[in-house]
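Have the sequence and the 3D view open side by side. The paragraphs below walk through parts of two chains.

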Amino acid sequence: MAPNAEQLAMAKEIKVVIEFSGGLEMLFSDKRHHTLSLPAKDIAGSPITIAWLIQYLCQNTMDDPRSELFVLDQHLRPGILVLINDADWELEGEEAYEIQDGDNILFVSTLHGG
Amino acid sequence: MPPALCVSCKTERALIKRPKNHEKLCKTCFIRVFEDEVHHTITSSGLFQPGENVAIGASGGKDSTVLASVLKTLNERHHYGVNLLLLSIDEGIKGYRDDSLETVKRNAVQYEMPLKIVGYDELYGWTMDQVVETIGKKGNCTYCGVFRRQALDRGSKMLGIKHVVTGHNADDMAETILMNLLRGDLPRLSRSTSIMTGSDASDVKRSKPLKYAYEKEIVLYAHHKKLDYFSTECIYSPEAFRGSARSLIKNLERVRPSAILDIVRSGEDMARLVPGAVPDACGCKGKAAAATATDETDGIGGCGSAAGRSNGGEMAAMERQLRENSAATEKGLETEVSLPAVASSTSTNSGPAAIKPKTELKRAGQVIPIVPRQKLGSCEKCGYMSSQKLCQACMLLEGLNKNRAEVVL
């Protein structure tokens, strides 16, 4: 019973909507809205966080080689704002926020220099 | 984390953490606080006069869109009694400016403001697409920055407007202050901290109502009010993201958000230390000296777009600034350079400018002793204010037109 329950939990997926604006969509196929199915837990078995999502986006969703416009030193580039369900990520735990099913996460760049 | 409540109304869920004081506010309270702070800036600096016609420099981007929205709201709420309109500059960049101007046209309808679009080709006979074809991508931001600044003033004059507001925010101000500080350019440091700038020789004054607003809050204000704005990078400056001063500002903000306003305040304090009677002071000398004594409630007279004496030195310095932060140039921040006579001579001898034949440089060098001090006057060709016979834009145009003639041949 226990192994089956564990396997079931591991197989669970959550759906999240990722949005990019402020010029960031340029790095992600020029699409502002991305609907992703993500595993509920990372390889270590912990719930996935924003930090995990940022790495996931760089490896799987970004189609532009200039990842330094999005990530610097394994962290989100300063100047990019994150809203989780319309709330400032600074109020939600920033990178440590554990992503829930149905979340809407918006990345807004203020670095646009055009 | 359990959702925090708004510190102001204590009923709604907090959505925003303010950078300057870490207050947690809900959407409604944030919008109100943001608008009230802009209102405070406008009234404490005496930016508007009843009956005044004010042009909003509109690019379709987030700053000018938020500025237009806020000013419309505040003008109605607090009865400034000013007439607002949108003034856009069309650089003639296909795939970029034509799309952003569509945004401005929609804004004009949404905000019920008249819209005037002035094109580079209309003023100068050249679009930026044509400029880049002629000189390539390197250095084209210099042309665009020079043209745009003048275009905004000339567009205002066409409409009989004497006041232009731009959407420069606290982050832009901090960036400019750092750049001028690192260059040791004290006269410009003084101008860059002024909320309102103008010139004895120019009828058009400029002001920045969003001077104390954080860029983060401008973005969040636009987001929560669902404002329609355009954000794509200029296709001719794909590396604009990497301006050094801008990256420094963003990293400082990350460590301590209040650093941005602290830098703006420091810039203002340093500006008060700049003596009004600098050796190369322009005709605004008396006004500038008096103005620095006041607590920024008066407009401080600046040198406007006074050009440096040496063409070569000026171009070299502009290129240097371009490399330091092309993003600032594109945002319309000042690009003029004012050099003392000795530095001008040195710069002249260092080599010819890209668009100037050696003979002209030699002639320019000879002119230096004859004109020991800059005097603000008018350009012989277009009448715009200039401390030289020709203003910067006309000098750049001369170079372009020579290239064009060769192409025609």
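Contact here means heavy atoms within 4.5 Å. Helices (H or I, at least four residues) and strands (E, at least two) are DSSP runs, numbered from the N terminus. This is a predicted model, in which local features need pLDDT of at least 70, side-chain atom pairs count only at pLDDT 80 or more, and totals for chains, interfaces and linings use all residues. Residues are numbered from 1 along each chain as its sequence is written, chains are lettered from A and ligands numbered from 1 in the order in which they are written, and side-chain values use heavy atoms, with hydrogens and water left out.

Start in chain B, with helix 1 and helix 9. K27(B), F30(B), I31(B), F34(B) and E35(B) of helix 1 meet E217(B), I218(B), L220(B), Y221(B) and H224(B) of helix 9. By class, this contact holds 6 nonpolar, 1 polar and 3 charged residues. Nonpolar covers Ala, Val, Leu, Ile, Met, Phe, Trp, Tyr, Cys and Pro; charged covers Asp, Glu, Lys and Arg; the others, Gly among them, are polar. The two axes come within 11 Å and cross at roughly 125°. Axes are lines fitted to C-alpha atoms, for helices over the stretch in contact, and angles run from 0 to 180 degrees between N-to-C directions. Helix 1 of chain B and helix 9 of chain B are therefore oblique to each other. Angles under 35 degrees count as roughly parallel, over 145 as roughly antiparallel, 65 to 115 as roughly perpendicular and the rest as oblique.

Helix 9 of chain B spans residues 215-224, and 9 of its 10 residues are buried. Buried means under 20% relative accessible area (1.4 Å probe, protein chains only). Among the buried residues are I218(B), L220(B), Y221(B) and H224(B). After helix 9 of chain B comes K226(B), with a positive phi near 55°.

Now turn to the other partner of helix 1 of chain B. Its axis comes within 10 Å of that of helix 2 of chain B, and they cross at roughly 80°. These helices are therefore roughly perpendicular to each other. On the helix 1 side, the residues in contact include F34(B) and E35(B); on the helix 2 side, they include V66(B) and L74(B).

Chain A has 2 helices and 7 strands. Of its 114 residues, 50% count as buried. Chain A averages a pLDDT (the predictor's confidence in each residue, from 0 to 100) of 81. Among its elements, helix 1 (residues 2-11) has the lowest mean, 53, and strand 6 (residues 87-88) the highest, 90. Where pLDDT is low, the predicted coordinates should not be read in detail.
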